Structure formats: C-alpha cells, structure tokens
Amino acid sequence: MIGRKAKAADDGGMDYLTSLPRKVVTVYIPLAIFLFVLLFPFYWMAVTSFKSNAELYDLKSGNPLWVVKPTLQHFKHLLFQTSYPDWMWNTILISTVATFLSLAASVAAAYAIERLRFRGAQPTGLAIFLAYLVPPSILFIPLAAMVLKLGLFDTRAALMLSYPTFLIPFCTWLLMGYFKSIPFELEECALIDGASRFQILVRIILPLSVPGLISAGIFAFTLSWNEFIYALTFISSSENKTVPVGVITELVEGDVYHWGPLMAGALLGSLPVAILYSFFVEHYVSSMTGAVKE
Amino acid sequence: MTVAAHGYAPAASDRWRRLALAFSDSRNLLGLVFMLPAAALLIVFLAYPLGLGLWLGFTDANLGSTGRFTGIANYLSLAGDPVYWLSVSNTILYTVIASAAKFFLGLWLALLLNQNVPFKAFVRAIVLLPWIVPTVLSAIAFWWIYDTQFSVITWALKGLGLIDGSIDFLGNGTNARISVIVANVWRGIPFVAISLLAGLQTIPGSLYEAATLDGASSYQRFRYITLPMLTPIIAVVMTFSVLFTFTDFQLIYVLTRGGPVNTTHLMATLAFQRAIPGGRLGEGAALASSMIPFLVAAVMFSYYGLQRRKWQQGTRD
C-alpha cells in the first residue's frame, strides 16, 4: 500500500533525466517487440480461423498475414459437425461447479485459519501452501485409479471433484491474505453485540472481502477452464470432453490436420476467459501478485 | 407428572444452549468444523492419491487390476531404461533453459512496464493474455506456426531472403527442443513479468533519487537497489516457475507428444504415455514419483525464500 502511494506521489519521478531518443531506444522499441511476440500467436490464430481453405494453404500469392475473403465456414463446421457445443457446455458447467465448490470450502478454511486461529492453525496454513505445490502431473495416475474404482470414470463429476485439489489451496491462500487485512476490532464489536462466529463471517467478513472473493473466483474459473491433464485422463467419450481436450483429440484426424477448424476452436475456446479477463483485469493482477506476495 | 415434565424440559434446553454456547466459544472446535469441507476434499483427492501414487510405484498395477507388490522392480527397470534417463535429462534441460530465459526476459519486461509509457494500464493488461488463455489452445497456435509447409516464420524469413528451404521445426531433435522451449518461454514470461512488476512497485522511488544524487549510474541503481529489494519476490516467483516448468505436460503433448524419437519427452509426458495409453499404472506411478525429490528441493528453496522475505520486511509473523 505504502509502496503504491509513494509510487503515485512521484509519478514521473526522475523521468525528466532521460531524453526522448534514449527512451525510444531503451524502452519503446524493446516494449514494442515484446508486445508483438506475445500477441502475434493470437493474431495468427484469429486470421487463420477466418480464411478459406484455398487461402489457408497458399503462401505464394498475396500476404498470408491478412484475410482476403473472410469466411465463417470453419466456425460453421465446428458448431454443426462436431461436438464442440457439448465441449463448451461441459467446460462451463465443470468450471462453474468446481469454482463454487472450492470457493465455499476455501472461505470457511481461510476464516478458520486466519481468524479463528484454532490450535494448529499455522501448520494447517503451511500444509495448504504445500498442497498448492503438488502438481497435477504426479497426481493424475493415482487419481485415475481412484476414479476408476469409484465408478466416476468418464463422468463430469470426476473433474468437478478433482479440480478443487488445486483450486482450494490457491483460493484459501489468497483469501487468507484478504481476511488478514480486515481489522480485528470489527469482529470484536460484533462479538460483544452477541453475534455468532457464523454471523460474523456472513455479515461482516464476506461483504468486506468481496474483491478478494471475485479475484479468487475468476482465477479459479480460469484455472479450471485451462485444466488439461485430468480431463484428458478421466474422460473418454466425446460428449463429456472439455474444450481443450476435445479440440486436441477430436479435431485432429490421423495425419490430416484441419487447421481452419483447429484455429477456430482454439479461438472460440480462448474467448470466454479473455472476455472475463478484460472485465476483471485488476482482480487478476491482484490475485496473481497477491498469491505470490503473501 | 406434569410438574416433573415441566421441570425437566427447561433444564434440557438450558443444557443444549450451554452446549451450543460452549461450542461457538470454542475456537478449536469451530475451527475444526470450518476446516472440514476443505480438509475432506484435500485429504481424499490430494493427500490420499499422493500416498497411493507412491504405493502404486511399488506394484505392477494395470488400468484394470490393482496389482501385486513388486518391491522396487519398477524403479530398477526405470534405472536400466535409456528412454527414462533421456526424459530426465530432457526435463532438466527444458527447465533450466526455459526458466533462465523466462527470468531474464520477464525481468526485462517488468522493468520496461515499470517505466512511464503511454497506455500503461492497457499494455500491462494485454501482456498477461498468453498466461490467461488455455495453454493447450495457444499451443495449437504454435503448432500451426511451427508447421513444416505453411509456417509463417519460414514464410517471413524467406521473404526477407534469409533462408532458402523451409525449416523443419518439430521434425528433428534439436529444432523440436528449441521450439518447445520457445513456446514455454512465451507462455511463462507474463507471469514472471507481472509478478516482478508488483515487486518493483513496492520499491520507494526515493531510494533511486538518493542514489542518483550520489552519482550512481543506472547499472549501479539496478545492481544495488532494484536487485536486492527484489530478491525475495524473485525467489518465490522463480520457484513457482521452475515447479510448473518441471512438471509441464500440455505443451509437449500438443506439439510433439515426446517425439521425434523421444527427444522432447519430459518425465510427465513419459509417465502419461506409459500409464494411460500404455496401461502400466505401476510403472507410470514410479516414474511420476521419481519427480518428487526434485520438487521437494524446489519447495525448500521457496520456503527459505519466504522466510527471508519476512525477515527483510519486518512484518508481523
């Protein structure tokens, strides 16, 4: 907080010490190159998805960086001849359920660790942090065995239950930071007035931590949307797949790559998170840096 | 009778109320109840599978059967398996090169974003895009960029007259390794840059002003102010970065599936290939478990990084 204020106070700071030509070379040009490299794949994805096949596979005539005759044929193919709408619906459903499940569990856990400070709260907090460090790459094999045994193989429930394993540690860790910033005095007043712990959580802590809840929620949603290895392992039938898995397993037939539909699928699958992101940029940045800084 | 009943009922409700009060007063009990949902999910779907994975590594389990205990047979066969050792060295190479590149480029980008540039907020926002978009989907874009015949990079280089033939990006070992590392770095830079930028913004400007008045060059200001102040956050960010790079799966799965001839197989992709399509759960689990020592090393590093941060900032516990 103090850092940000100090930064705002001397905005511009020592800028006058640098001449413009120098700044062009040391700042603007490198920054422009960074932006170009970071954004080009998206541009290329978008341009490709609107090209007709004839245009797609012709690098000789014209400029491939531009679309001469934009067409929606790849999107049409995707929506009407593949299970893409199913995948989209599955991804939305699974991400939403996993997010709300994780948020509910995380709010309670973070409140217990940060505010109730029960005996063993600190080791529990550390355990939650360590749980965040356990990567899905070492869990998917035993989880696959469990999912098979529980009869959840090839169901959306398998993903809804396994995604919280990486969402809860993240959300709890983030919310602990938020709860820490709420003054204890508010809680003490409420306790004296006879409020129960549950009432304090619902009426005081939660309303005050709405920004934190939004951050954790959209972040959890994005993480679930992007998840791949569990979805690839636990799901086999086409109608239960998520977008990332469906695109990579069903749109590639043998050695024939249908680049148009592939790019259209990638673009459509990226749009929801990109749009969500554009509305909540500040929340994303704060949750990302918050998780690192806490 | 009625009197007795009368006398009994209030006592019972009183006892219940006292119990409820004691319950809500007991932070330990209440803490336990509040922890229950999260703890239950994490124990069943995280801690248990972690243990199960270690156990499976000592069995000959298949996708269909639970398998028998076979001792360290899986580990012995892995130790004599050149593909396994190739995947280990690939993983280390991939992690070291990609993490180093992500760190330097990310730090550079963070320093650039910390300057006063027009549309600062907007630029910062779009920089994060590669990190927001599902990795698999952006990997598909890279797959298309790396296409043998229709690669846009080949087209551009040919147009500039720099090369004659087309580049086989994913066809030979060295090229494929470089290509997947580039794609990984591309995706990882925004995370490093934005996290380090947050760290940069906590450094008071007055330090730089004082140093400038004392005649410090821009290199000296970076070396003796920025870097030391940023060290704790660098430790944490790079730990995460190393952790996620080391256990990477998606990018390789989309771009090369470990090929050509296993030259880009990482431990995670090899574990998947052996366990799921191959059906040898035990062997895959042993392979995945062999990543744990590396991860523990990374976590220890993170832990001490965090400790140092608390000490440096002098915050409460």
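**Two chains, their domains and their shared core**

In chain A, the centres of domain 1 and domain 2, taken over C-alpha atoms, are separated by 32 Å, and I should say at once that this is a predicted model, so every value I give is computed from it. The bounds of those two domains are residues 10-71 for domain 1 and residues 77-293 for domain 2 of chain A. Where the two domains touch, seven residues of domain 1 of chain A meet six residues of domain 2 of chain A. On the domain 1 side of that contact, α2 (20-49) and α3 (53-56) of chain A each supply at least two residues, and the largest share, four residues, comes from α2 of chain A. Sorted by class, this side of domain 1 has three nonpolar, three polar and one charged residues.

A word on confidence in chain A: its mean pLDDT is 86, with 91% of its residues reaching 70 or more. Over residues 1-10 of chain A, however, pLDDT stays under 50, and for this stretch the model has nine contacts beyond four places in sequence.

Let me turn to how the chains meet. In the model, 80 residues of chain B are in contact with 84 residues of chain A. On the chain B side, helix α2 (residues 27-56) gives the most, with 18 residues, and the residues of that side as a whole divide into 61 nonpolar, 17 polar and two charged.

What about the interior? The largest nonpolar core has 158 residues, and those with the most contacts inside it are A:Tyr111, A:Ile141, B:Ile140, B:Ala193 and B:Leu255. Helix α9 (residues 173-200) of chain B brings the largest share of this core, 15 residues. To take one of those well-connected residues, B:Ala193 touches B:Gly106, B:Leu109, B:Ala110, B:Leu113 and B:Val127, if we leave out residues up to four places away in sequence.

Finally, two backbone details in loops. A:Arg117, although it is not a glycine, has a positive phi of about 45°, and its place is in the loop between α5 (84-116) and α6 (121-132) of chain A. B:Asn262, again a residue other than glycine, has a positive phi near 65°, and lies in the loop between α12 (250-255) and α13 (267-275) of chain B.

Why is each of these two called partly exposed? A:Arg117 is partly exposed because it has 13 other C-beta atoms within 10 Å, where 12 or fewer would make a residue exposed. B:Asn262 is partly exposed because its count is 19 within 10 Å, where 20 or more would make a residue buried.

How values were computed. Residues are numbered from 1 along each chain as its sequence is written. Chains are lettered from A and ligands numbered from 1 in the order in which they are written. This is a predicted model: local features need pLDDT of at least 70, side-chain atom pairs count only at pLDDT 80 or more; totals for chains, interfaces and linings use all residues. A nonpolar core is a set of buried Ala, Val, Leu, Ile, Met, Phe, Trp, Tyr and Cys residues joined through C-beta atoms within 7 Å. Ala, Val, Leu, Ile, Met, Phe, Trp, Tyr, Cys and Pro count as nonpolar, Asp, Glu, Lys and Arg as charged, and the others, Gly among them, as polar. pLDDT is the predictor's confidence in each residue, from 0 to 100. Domain bounds come from an automatic or database domain assignment.
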